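Work through the exercises below with the model open beside you. Try each task before reading its solution.

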Amino acid sequence: MSTDGTLVVHAVGLTKVFKDFWLRNRVVAVDRLDFEIHQHEVFGLLGPNGSGKTTTIKMMLGLLYPTRGRISVLGKAPTEVAIKSRIGYLPEESYLYRFLDARETLDYYGRLFQIPRPDRRRRVEQLLEMVGLTREARRRVGEYSKGMARRIGLAQALINDPDLLILDEPTTGLDPIGTREIKDLILFLNREKRKTILLCSHLLADVEDVCQRVTILYGGRKQAVGSIHELLSQENQTQITTERLSADAIERVRRIIEEEDGKSLLSITTPTTRLEAFFLKTVRAAQVAQTKTSGATSGGRIAGFLGGTEKAEGEAVVSSLIAAASKSAPGQETPTGEPPSQAPSSDVIDQLVSATRARPPEAAQEETETPPVTQPDRTVIDDLLKRADRPRE
Ligand SMILES: Nc1ncnc2c1ncn2[C@@H]1O[C@H](COP(=O)(O)OP(=O)(O)O)[C@@H](O)[C@H]1O
Ligand SMILES: [Mg+2]
């Protein structure tokens with residue numbers, strides 16, 4: 001969904017080695033990483049804890065210097081002051097001034113960007129409403145829960161109406177409803193306000209639901225890159241979705257499939273989380289190939305000022321936009337990229353037959369490969385989830 005191919009971020013051979021007190025190489029946090037983020041896309045960096053996501057972001061923001069390689073942001077070196085006002089950043093841990101309230105916090109960041117007072121006031125109120133904190137705006141942020149801190153952090157990242165929004169684990173500590181709200185917000189900012197967004201996460205569903213392209217990191221290295229559709233589609237299989245069939249109908253379908261040379265019915269299942277399976281397979285392969293890793297082994301109304309449109313938008317309009325955005329989320333496509341059919345045709349069997357006949361000869365070979373979803377490695381999943389559950393200090 002990248003529109004004009006303009007690169008917002010371009011990393012080539014990006015490497016970061018942390019040294020110890022005696023300047024010995026201690027940790028290779030990011031290892032010869034190449035990636036590109038195009039204008040107006042939501043790009044995902046997905047990897048387990050310690051895979052180098054935050055280190056990559058810090059190099060993108062000019063907070064850390066690469067040991068080797070280079071990275072450009074909005075066509076410039078990350079250290080150039082001129083680009084700072086075009087970037088919004090939600091850090092992994094929000095660095096909030098404990099004794100300021102939410103309104104003062106946003107006002108403070110607005111002043112750092114030299115936003116004139118009347119604009120600043122309007123933006124602060126719009127953002128507080130957008131992230132659902134208007135009623136808590138007078139409380140000191142030091143008292144906020146982790147979820148509330150994420151919300152105020154996101155509002156802070158948007159105060160300067162940035163072109164590039166960098167979100168480091170944006171949904172950590174949020175409950176499922178808060179998580180959905182943040183994801184809808186990301187989709188809205190991307191689709192309606194044309195923001196380019198980098199989402200770093202160890203949470204598979206976050207990336208699958210909102211990102212158009214994804215890079216999987218492990219041990220600081222790129223393990224896979226591509227659109228969600230490319231990474232997850234299994235070209236040598238055909239999936240047909242219908243309403244529940246009777247045992248008799250399934251048996252007739254099986255016989256029709258077996259009439260095709262060398263074909264058999266591989267599985268009858270309900271849909272599963274396919275990114276999860278792909279991710280686990282990728283990380284497991286990386287674990288086998290590399291002996292060590294440097295880390296873990298295993299609202300409300302949209303702020304009107306964003307995107308330069310100050311006109312007030314009715315909540316109904318916004319809700320319908322958000323609903324439309326989430327309906328067409330990339331993760332909800334079928335393996336073929338087509339929308340799932342709502343009503344099966346009356347002549348289902350005929351369609352089944354013509355679909356199998358229409359396939360190219362190379363697809364006709366025996367397809368005995370078990371779908372990768374059969375045995376998910378729960379230990380890795382548990383490890384990934386541990387951090388989300390960690391209480392705030
Ligand atoms: N300032 C630092 N000094 C030494 N090692 C670091 C530092 N920052 C990160 N690391 C190490 O680099 C690796 C990657 O960390 P990080 O980029 O935070 O991973 P992620 O964000 O994917 O969880 C980890 O092993 C981490 O311990
Ligand atoms: Mg991190």
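**Exercise 1. Locate Arg194 and describe its backbone and its exposure.**

Step 1. Arg194 sits in the loop between α5 (176-191) and β7 (196-201). Helices are DSSP runs of H or I with at least four residues, strands are runs of E with at least two, and both are numbered from the N terminus.

Step 2. Its phi is positive, about 60°, although Arg194 is not a glycine.

Step 3. Arg194 has 14 other C-beta atoms within 10 Å, so it is partly exposed. A residue is buried with 20 or more other C-beta atoms within 10 Å of its own, exposed with 12 or fewer, and partly exposed in between; C-beta atoms are placed from the backbone.

Two notes on the source. This is a predicted model: local features need pLDDT of at least 70, side-chain atom pairs count only at pLDDT 80 or more, and totals for chains, interfaces and linings use all residues. Residues are numbered from 1 along each chain as its sequence is written, while chains are lettered from A and ligands numbered from 1 in the order in which they are written.

**Exercise 2. Describe Arg32 in the same steps.**

Step 1. Arg32 lies in strand β2.

Step 2. Arg32 is not a glycine, yet its phi is positive, about 45°.

Step 3. With 15 other C-beta atoms within 10 Å, Arg32 is partly exposed.

**Exercise 3. Which residues surround ligand 1, and which elements supply them?**

Step 1. The shell holds 13 residues, the closest being Phe18, Ala29, Lys53, Thr54 and Thr55. A residue counts as near if its C-beta atom, placed from the backbone, lies within 6 Å of the ligand.

Step 2. β2 (25-38) and α1 (53-60) are the elements that give two or more residues each. The largest share, three residues, comes from α1.

Step 3. Sort the shell by type: three residues are nonpolar, nine polar and one charged. Here Ala, Val, Leu, Ile, Met, Phe, Trp, Tyr, Cys and Pro count as nonpolar, Asp, Glu, Lys and Arg as charged, and the others, Gly among them, as polar.

**Exercise 4. Find the buried face of helix α2 and what covers it.**

Step 1. In α2 (residues 102-112), the buried residues are Ala102, Thr105, Leu106 and Gly110.

Step 2. Look down the axis of α2: these residues fall within an arc of 135°, so they line one face of the helix. The arc is taken from the directions from the helix axis to the C-beta atoms.

Step 3. Their cover includes α3 (117-130) and α4 (146-158).

Step 4. After α2 comes Gln114, with a positive phi near 55°.

**Exercise 5. Where does the largest nonpolar core lie?**

Step 1. This core has 71 residues. A nonpolar core is a set of buried Ala, Val, Leu, Ile, Met, Phe, Trp, Tyr and Cys residues joined through C-beta atoms within 7 Å.

Step 2. Leu127, Ala155, Ile166, Ile186, Leu198 and Leu199 have the most contacts inside the core.

Step 3. Domain 1 (7-229 + 299-327) and domain 2 (237-297 + 343-357 + 371-389) both contribute residues, so the core lies between them. These bounds come from an automatic or database domain assignment.

Step 4. Take Leu198, leaving aside neighbours within four places in sequence: Leu198 contacts Ile37, Phe43, Leu45, Ile166 and Leu167. Contact means C-beta atoms, placed from the backbone, within 7 Å.

Technical notes. Two residues are in contact if their C-beta atoms, placed from the backbone, lie within 7 Å.
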